[in-house]
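Trainee: I should like to go through the terms applied to this model and learn how each one is justified.
Mentor: Let us take them in turn, setting every value against its definition.

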Amino acid sequence: MRILFLIFLLIHYGPAERNLIQDTDLGSIQELYPLKIGNQWSYDFIAPESDPSKYIANYLTEEVIDTISYHGHTMFHISQQGIPTYWCYYDAVKGLCLIQDTSINYIGLGLYSPMQIGQRIILRDTVLDSNHLHKETLTLKEANVPVTTEAGLFYCSHFLKEMYHGEIYHPDSTMTDTWYAKGVGLIRERYSKWLNGKKIDRGGMDLKSYKVN
């Protein structure tokens with residue numbers, strides 16, 4: 001989950017005809033999440049049935065507004081609802097990295113490609129102290145999955161991010177399912193968590209419109 005609304009989310013704005021053809025190439029990370037000044041994404045929030053008033057706003061917009069050089073990388077500045085919010089950059093080893101502020105070292109790892117279907121990688125595995133941990137994993141669940149939103153029909157790669165945090169032997173587990181389309185970006189995102197052995201729906205987002213240069 002992200003910075004303003006959810007920190008690991010990514011977005012888009014415009015027509016989708018070019019995505020109607022299935023592609024066996026999953027795409028590089030730059031293709032799955034294309035970053036260029038002027039690129040825009042708009043999403044509708046999907047509230048869980050158990051909490052229809054979950055989101056204060058009904059939509060989220062993001063736009064790439066600027067770039068800077070950062071430790072040898074081109075860093076892209078992203079705004080949410082018109083407010084400069086976070087930075088992200090591509091790393092050949094780590095994948096897509098997100099950072100809230102260039103003055104701090106915290107980096108979130110949001111996406112990785114290429115991967116094989118069923119492959120699971122560890123994004124983060126940190127013991128915060130003797131009793132607590134923070135672990136994140138990413139699994140490629142499916143490829144070329146048809147997903148339809150208000151923005152159109154897209155063939156997507158389906159990723160599952162699992163986050164474990166809390167007491168080292170009894171961590172809470174939260175999950176984010178994401179669907180990315182080559183050349184467009186994030187198409188759909190769904191959030192859930194395990195509670196007392198039951199998977200709880202926590203809502204999500206669907207792509208409404210996009211503009212990718």
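Trainee: How much surface does the protein expose, and what makes that surface accessible area?
Mentor: The protein exposes about 10,700 Å², and carbon and sulfur atoms supply 51% of it. Accessible areas are obtained by the Shrake-Rupley method with a 1.4 Å probe; for residues, only the protein chains shown count as cover.

Trainee: What kind of model is this, and how are residues numbered?
Mentor: This is a predicted model, in which local features need pLDDT of at least 70, side-chain atom pairs count only at pLDDT 80 or more, and totals for chains, interfaces and linings use all residues. Residues are numbered from 1 along each chain as its sequence is written, and side-chain values use heavy atoms, with hydrogens and water left out.

Trainee: How many helices and strands does the protein have, and what makes a segment one or the other?
Mentor: The protein has one helix and 12 strands. Both are DSSP runs numbered from the N terminus: helices are H or I with at least four residues, strands are E with at least two. The helix comes at the start of the order, and the strands follow it. Helix α1 spans 29-32.

Trainee: Why is cysteine 88 called buried or exposed?
Mentor: Buried means under 20% relative accessible area, exposed over 50%, and partly exposed in between (1.4 Å probe, protein chains only). Cysteine 88 has a relative accessible area of 0%, so it is buried. Cysteine 156, at 1% relative accessibility, is therefore buried as well. Buried residues make up 49% of the 213 residues in the protein.

Trainee: How many disulfides does the structure hold, and how do you know?
Mentor: The structure holds zero disulfides. Cysteine 88 illustrates the point: the nearest cysteine sulfur, that of cysteine 97, is 9.2 Å away. A disulfide requires a pair of cysteine sulfur atoms within 2.5 Å, so cysteine 88 is in no disulfide.

Trainee: What makes arginine 188 and aspartate 206 a salt bridge?
Mentor: The term requires a side-chain nitrogen of Lys or Arg within 4 Å of a carboxyl oxygen of Asp or Glu. For arginine 188 and aspartate 206, the closest N and O atoms are 2.8 Å apart, so the pair qualifies. Arginine 188 belongs to strand β11 (residues 185-195) and aspartate 206 to strand β12 (residues 198-211), and the two are 18 residues apart.

Trainee: How many salt bridges are found in the whole structure, and which residues form a network?
Mentor: The search finds two. In the second pair to consider, arginine 190 and aspartate 206 have their closest N and O atoms 3.1 Å apart. Arginine 190 lies in strand β11 and aspartate 206 in strand β12, so this pair ties together parts 16 residues apart in sequence. Arg188, Arg190 and Asp206 are thus linked in a network of salt bridges.

Trainee: Is aspartate 206 buried or exposed, and what is arginine 190 called?
Mentor: Aspartate 206 has a relative accessible area of 13%, so it is buried. Arginine 190, with 23%, is therefore partly exposed.

Trainee: What does aspartate 206 touch?
Mentor: Not counting residues up to four places away in sequence, aspartate 206 touches several residues, including Ser42, Tyr43, Thr149 and Ile187. Contact here means heavy atoms within 4.5 Å.

Trainee: Why are phenylalanine 159 and tyrosine 180 called an aromatic pair?
Mentor: Rings of Phe, Tyr and Trp (its six-membered ring) pair if their centres lie within 6.5 Å; planes under 30 degrees apart count as stacked, over 60 as edge-to-face and the rest as tilted. The centres of phenylalanine 159 and tyrosine 180 are 6.1 Å apart with 75 degrees between the planes, so the pair is edge-to-face. Phenylalanine 159 lies in strand β9 (residues 152-167) and tyrosine 180 in strand β10 (residues 170-181), so the pair ties together parts 21 residues apart in sequence. Both residues are buried. The whole structure has five aromatic pairs.

Trainee: Why is tryptophan 194 called partly exposed?
Mentor: Its relative accessibility is 41%, so tryptophan 194 counts as partly exposed. Tryptophan 194 lies in strand β11. Leaving aside neighbours within four places in sequence, tryptophan 194 is in contact with Ser173, Met175 and Lys199.
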